[in-house]
Structures are given as structure tokens and as C-alpha cells.
Amino acid sequence: MSNFDDSDAFEAAAAPVPLSQRAMGVRPAPYLDELNPAQRDAVEALDGPVLLLAGAGTGKTRALTTRIAHLLNLGRARPGQILAVTFTNKAAREMKNRIGRLLGEMVEGMPWLGTFHSISVKILRRHAELIGDGALHLKPSFTILDTDDQVRLLKQLIQAENIDEKRWPARQLAHLIDGWKNRCLSPAKLPQGEERAFDGRGGRLYAAYQRRLLELNAVDFGDLLMHCVNLFQAHPDVLRGWQDRFRYILVDEYQDTNTAQYMWLRLLAQAHRNICCVGDDDQSIYGWRGAEVGNILRFESDFPGAQVIRLEQNYRSTPHILAAASGLIAANKGRLGKTLWTEAEEGERVRLIGHWDSEAEARWIGEEIEAFHGGHRHSVGRRSLNDIAILVRASHQMRAFEDRFMTIGLPYRVIGGPRFYERQEIRDAMAYFRLAVSPTDDLAFERIVNVPKRGLGDKAVQKIQVEARERGLSLLEGAASAVATGAIGGKGAGALRQFTEAMGRWHADALDSRVNHVELAERILDESGYTAMWQNDKNPDAPGRLDNLKELVKALEEFENLQGFLEHVALVMDNDKGEQSEEVSIMTLHAAKGLEYPIVFLPGWEDGLFPSQRSMDESGMKGLEEERRLAYVGITRGEELVTISFAGNRRMYGQWQSSLPSRFIDELPEDHVEVLTPPGLYGGGYGAAAQPFAQSVMHERAARADVYNSPGWKRMQERSAQRAQPVHRTPVVIDAEPAARFSVGDRVFHQKFGNGTIMGIAEDTLTIQFPTGFKTVKAGYVQPSSGGGALDDVPF
DNA sequence: AATATGCTAGTTTTT
DNA sequence: CTAGCATATT
């Protein structure tokens, strides 16, 4: 709520802080004494550009929040003049709390502490009319579409263009457009050639999509940033106003900024240059979604004269853990470089263990956890399950642990996973609320018009769309009109009339301040038949969905009305359930960033899984380095004991596949690692587990000079080269397609994956190696490749 | 219009 | 192998 009580008038903010207030502001600063020298530098270097390189566990949030407190305490700025940006709502909340704690209740909430997106919304609402062209522009009440809406909109546009949705799925286009928006490329600015992506129509569809969004008075997440940047660039006066307002700028997790966020910051900071960016280049793990490590690496040249302050004293982990992590990350090139140190006691070395297969791995980790929990391991003592985390590379790895823990009755919680507001039933309910609040929300209408089933299929919806378009109405109005004119008859008509009439009542009630909005929400769900739909559903997950709906209604209580709730939810999609009970945490490495646990397990360190084959195929060395940073993030989550493991065999897509230990294992510094022999492998030194590691450690020293020439790397390259040269050439005739004869080894072309080589044939199913990896594809989806293939002379 | 079958793809995730 | 989607069937 405090997010929106920005009491300063826009113009007033530009005025300097009165002297009287400045003098009054200077108070003793006891908080400074609690900082180490580097943190203190970070807090006191208030003017000019500052890059704060904060390694894992070095008290970065403390430095950042103290810096804000110091700015306020010295009277350098009022709360409304500090811009503090984070990536997640969670981080923003945390900072707010800690600033409040530092300053007591003396300071009103900071109106401009928030995520890039929430701050952008506030800015855009004030200048909405400037977005778009003269004829069509945003209104301040614009709605924010989530990914789901975005994809459904794109799907409509793709259908309108008569493009084969199978070969060109809307998701892919959404991804492409997101990528463009991350780089602040509006349709007009797409570089030569890029607009040809997506079957040559990417640029056109992008432009159509943007136009449609304006028509709907809507923006997607990417727009929030891009529109802001465009606004600043096109209207220097507007930019000037915001530059004057934000006297000091602070940015958290700077290594995760994408190009649009970078431009956004640069524009706002370029006048006074009071910008402090906090980040750790070694923890940049979001390159795949547009983050540019380059932003942090370039900081000093972007802001000449910048001070660089390193936070290197680590308060989290033991020396062995730090050394293992440091040794690993040292293999990356082009780092800014940091040396983490600690005063903590030495502790145990990082443990490494190999297992026969992924099930044995899960079994062993389960036993270890039981031992820790029962206090059977004296070096660590009896531990709460809340102290223990399992961090995996890919979510499918979680299943082995869930299965195992379920059978042995070990309580666990999965962190991440599908979020509350992304669940189907929640989205449906929200669509009802959206439509009740704004009857012109066509996307919400489409989502729920036939949920629960009202006998209205594609054809009926199409009729409604035609009706609405012809008369210039919203879909809801169009539906009412279609019923009235008899365009829709039969069974659907009655249900549709009921629906539109009920929606009319709900809308009136939503606007009526005398109607309690929580009761209204309940009534909407009941009268629409939505609750009944799940009550009658015999799926085992139906009761859970009903619970979620109850929870949603309960969440409404904290808001004034439905409008306020919807505005909030559009931006704050997180749901942190406080940890109540004792549970082991299971999550992906990405989800673990920023968290810490005394005991950490890192399973699945196998080449291809971690580092992920796909990362390496798609992004080569850059991808590998990002994977290595992910490994670094994983190890540095541990406070006391970190255990890395790998399995020689793993079930993938229903088949057992054998794999080699991760090359990252080769890169761990030997002195800080203890190799364990799993129970059941008597004598050690043979079998799938200990032996490969023992060998690889022997190579390790020599390999250190250049890991990309390491045995592991070469081994991989050799293997993929071998795979690319199949021996058999068995001609296969695909029925009813006389021209489509394929043999193993043929070069073929696939609309989506491009050129590839056939590696295997079963009936009409081909296994093909594409640049992006192996795919199994029906023969009908590929053609003989035109370039350099063996079948060039086959008539087509 | 609702349900059954068939196919394909299959990391990481916030806003 | 399996979820999610798209097409085929009733």
C-alpha cells in the first residue's frame, strides 16, 4: 500500500532539501560501528558512481540498507528522493524491513524502493498518454498482462496470419518478443534480419502484437521497461523531472540486469551520476533470460571515475567451502575478481561421492539426512531438517528425492515450483474478478466464458468476436448483443445470457462501495458455478484447488476492494509460505540464489546434466561459464557442510543412460575435497563411483592451466564427433510419401530445428541430431536437406 | 461441443 | 516415460 502514497508532488521533489532540514538531519550514526572497513567504505562513499562487488555471504544487503539509512540520516535526501531497485518483490520487502529496523519509525516508507517493474508501472501511469502514437495511446488505467495472456494473444495473431501453429508455437514467439523487449528493441528498431525470425514474420507479428496491446490498453512485463526507456528518450523534459527527483540511485543484483534495465538506469543516472550498483559477476546465472554480465563488467568504463569497493569478508561459510568454490570459479575468464576470506573455523572439507545410479544417490542422501537429523553424526551434531537443502540443476531431478523421501517418511518441501497465482483455478477466479471490475477485459472474458462448461465452443466464441468487432463492442457486450439479436441460438444462448446478466450485476456490485468485496468474490465464484465445477470434479487434486480458492478469497481481506487486489497481484506474483514445520528443502540452484543453509547437498554433477548439455550447445563457452557460476552459487549456499554427488546411471525419458562425472568435479581443488566411498562398494577404488574421480583428480593439476583443454572437455568433443558419424545406412521408405526416403546419416531440414543429421530410424520416427541437440521427430516433419546432403540428387 | 486419441518435447524463472 | 497440447472422433 505504502507503495502508492507518494506524497511529494512531482515538481516539489525537484526543489533542494531545505538547509534547516539538512542541519536537523545530522545525527550520530551508531550503525557505522557495526560494519567492517569495506562495508563502511561502501556506506560512506555516497557521491558519484560506485560499484560494490559483493561476494556471496559478505553482507551485501546490510551494506545497501545501511547506505540508505545513512543518506537519510545525513539529510542528503528525503525518502522520496532515493531510488532503490531490486529484481524481486522479496528482496524489496526485505530491504524495506531492514531500513525500518535501522531507523526505527522515523522514516515514512520509501516510495521508490521496489522492483524495476513496479517502479516502471508508477512512472508509466503518470505518462501513459505519451506511449503510442497520436491516434492510439495508453491510458493511465492500463492493465498488465501475465505470460499466459501474452501467449493467448499471440496465438490469436498467429492464427489470423494462417501460420501453422505446430511449427511456429506462440510460446516461441513470446520468447522472441521478450528477447527483443529485453534489449529495448521496439518493432521499428529491429535490426536487419531479426525481423525475419519466426518464419519471416516475426517483425510483422511483433508490430501487430504491440498494436493489439495498445487497443486493449494493456502492456506486458517487457513493455514496462521498454516503454519507460522510450518515454525517457522521446521526452527529455519528462526524463529531466525524474532525474531531478531521484538524487541517489541504488541497484541490487546488478549482474542480473538486462539491456533494457541498463538503459533505464543509465538514463536516470546520467545527470548526477549518484548511482551505486551492487552485484557479483560470479553469481550471474540469468544470461538465458536476457541478463548481461557485460553490464557489471563494463561498469567502470560506463561510469568513468567510478569507485569499486569489494566486499570480501565472508560471514557464511567455512574456509574449506570457500576454497572449493573459489577454486572452481577461478576457471572462468574475464572476471572482475575477488578473494573471499573468513575468520570461521576450518570445518569439514567438501565431500564428494559417486553412486551407481540416481536412485542410489537419492537413497544415500536420504540416509545422510536421517543421520544428521537423528544426531548420529557427531561432527555436525543434531540438526533440524530446516537446516538442510538439496539443490538440483533441473527440476526433474527432484522427483527421485520426492519418491525416496515419501517412502521413508522424511518431510520435505519443494521451493519454487508452480506459484500460487499461476495455478489454473486461481487464474480462472481472477479472470472472473477482472471482468467484474472491468467488463472490457476481453482476455479475461475469453478465459472464462466457457469455464465452467456452458456449451459455448470455438464456434460460439467466434460469433461473439464477429459481433463485437462489427459493432465496436467489448466481447462481453458483444455476447449480450449476440444473444439479443439471435446470432447465437440453441443451448448456448440461455447459458450465455445468464452469464452476461450475472456479470452485469457483479460489475455493479464491484463499483458499489457498500458491497463488501470479499463477499462479492465468494458470490461470483458460487453463482458462476465455478466452485461447483471443482466440487463435482472427481480428480484427486480437486479438493486442493478448492482450498486454493478459499485462500484466494481470504487474501482479498487485506485489500480495500477488488481493484486494489488485482493491481497488486499483477506485479506481486510471489507467495512465500512461511516455514512452519521441520522439512528438508528441495529446490533448483537458481531458486537457491540468496539463500543459505548449514548443510547442502548438490546431487547430479554429471556432464550433460550439470553442466547442462543444452547450455553448452546453445551458448558454448559462455554457457559453460554460466553453468560454472551456477556451481559456484550452489557451493556458496553452504555454511558448514557441502556434499557433491554424481550418479553413473540416470533414468532419462524412461531410459537408463550412463554418464560421466561433471567436469566441474575435475576443477575442485583437491585439498578441500574429501572423497567418500559409498556403502556397498567394498574396498573402494573401483566401480562407477570412486574410480573415475580418482583418475580425474590425477589429471586435475595439469588441467588447471586451461580447463577448456582438459580431458573432460576433449572427451566430450570427441564423443559428440563420434555420434555425428553414424555407420549404418539403412534406406527406409515412408509410406505414402514416395520422395521421403531417409537413411541414417542423411542431412535433413526441419522447420523449427533447422538442419540436422539422422541418427536413428524406427518406423516413421527419426532420431535426429540438430545443432540444439537430439530430437525425435516424425518423418513427415522433415525434408531432405538442400545443402550438401547425400541425397541432393533425389527428385523432390 | 465434449471427449478420446495421438503426438511431441523434454533446463534454469521473475516480473 | 509422461504431461500437455492438437487433432480426430462421437
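The following exchange examines a predicted model of a protein with a DNA strand.

Trainee: Which residues surround DNA strand C?
Mentor: By class, the surface near this strand has one nonpolar, one polar and two charged residues. Of the strand atoms within 4 Å of the protein, 44% belong to sugar or phosphate and the rest to bases. The residues surrounding DNA strand C are Lys155, Arg399, Tyr653 and Gly654.

Trainee: How is helix 17 oriented relative to helix 21?
Mentor: Two packed helices are described by the angle between their axes and the distance between the axes. For helix 17 (residues 424-437) and helix 21 (residues 490-511), the axes come within 7 Å and cross at roughly 70 degrees. Angles of 65 to 115 degrees count as roughly perpendicular. Helix 17 is therefore, with respect to helix 21, roughly perpendicular.

Trainee: How do the residues of that contact divide by class?
Mentor: Helix 17 contributes Tyr432, Leu435, Ala436 and Val437. Helix 21 contributes Phe499, Met503, Trp506, His507 and Ala510. The division is eight nonpolar, one polar and no charged.

Trainee: Why is strand 12 described as largely enclosed by the rest of the structure?
Mentor: Val584, Ile586 and Thr588 point one way from strand 12, while Ser585 and Met587 point the other way, and all are buried. Strand 12 (residues 584-588) is largely enclosed because the number of its residues that are buried is five of the five.

Trainee: Which residue of strand 12 is the bridge partner of Leu391?
Mentor: Strand 10 (residues 388-392) runs parallel to strand 12, and four bridges join them. Strand 11 (residues 412-414) also pairs with strand 12 in the parallel sense, over three bridges, with Arg413 opposite Ser585. For Leu391, the bridge partner in strand 12 is Met587.

Trainee: Which strands stand at the edges of the open sheet of six strands?
Mentor: The strand order is 3-2-6-7-1-8, with parallel pairing. Each edge strand has a single partner strand, so one side of each is left without a neighbour in the sheet. The edges are strand 3 (113-115) and strand 8 (307-311).

Trainee: What angle does the direction of helix 2 make with that of strand 8?
Mentor: Strand 1 (residues 50-54) and strand 8 run parallel and are joined by five bridges, and Val50 stands opposite Gln307. Helix 2 (residues 37-44) packs on the sheet and touches both strand 1 and strand 8. Its direction and that of strand 8 make an angle of about 145 degrees.

Trainee: Is Thr318 buried or exposed?
Mentor: Thr318 is found in the loop between strand 8 and helix 14 (319-329). Residues that it touches include Thr342, Ala344, Gly347 and Glu639. At 8% relative accessibility, which falls under the 20% cut-off, Thr318 counts as buried.

Trainee: What is the omega of the peptide bond from Phe610 to Pro611?
Mentor: Pro611 lies in the loop between strand 13 (597-602) and helix 27 (613-635). A cis peptide bond also runs from Val451 to Pro452, with omega near 0 degrees. The bond from Phe610 to Pro611 is cis, with omega near 5 degrees.

Trainee: What is the phi of Asn217?
Mentor: Asn217 is placed in the loop between helix 8 (202-215) and strand 5 (218-219). At 9% relative accessibility, Asn217 counts as buried. Although Asn217 is not a glycine, its phi is positive, at about 55 degrees.

How values were computed:
Residues numbered from 1 in each chain as written. Chains lettered and ligands numbered in written order. Predicted model: local features only at pLDDT ≥ 70, side-chain atom pairs only at ≥ 80, totals over all residues. Heavy atoms only, no water. Near = heavy atom within 4 Å. Nonpolar A, V, L, I, M, F, W, Y, C, P; charged D, E, K, R; others polar. Axes fitted to C-alpha atoms, helices over the stretch in contact; angles between N-to-C directions. Helix = DSSP H or I, 4+ residues; strand = E, 2+ residues; numbered from the N terminus. Parallel < 35°, antiparallel > 145°, perpendicular 65-115°, else oblique. Contact = heavy atoms within 4.5 Å. Buried < 20%, exposed > 50% of the residue type's maximum accessible area, 1.4 Å probe, protein only. Pairing = 2+ DSSP bridges. Lists of a residue's contacts leave out its neighbours within four places in sequence.
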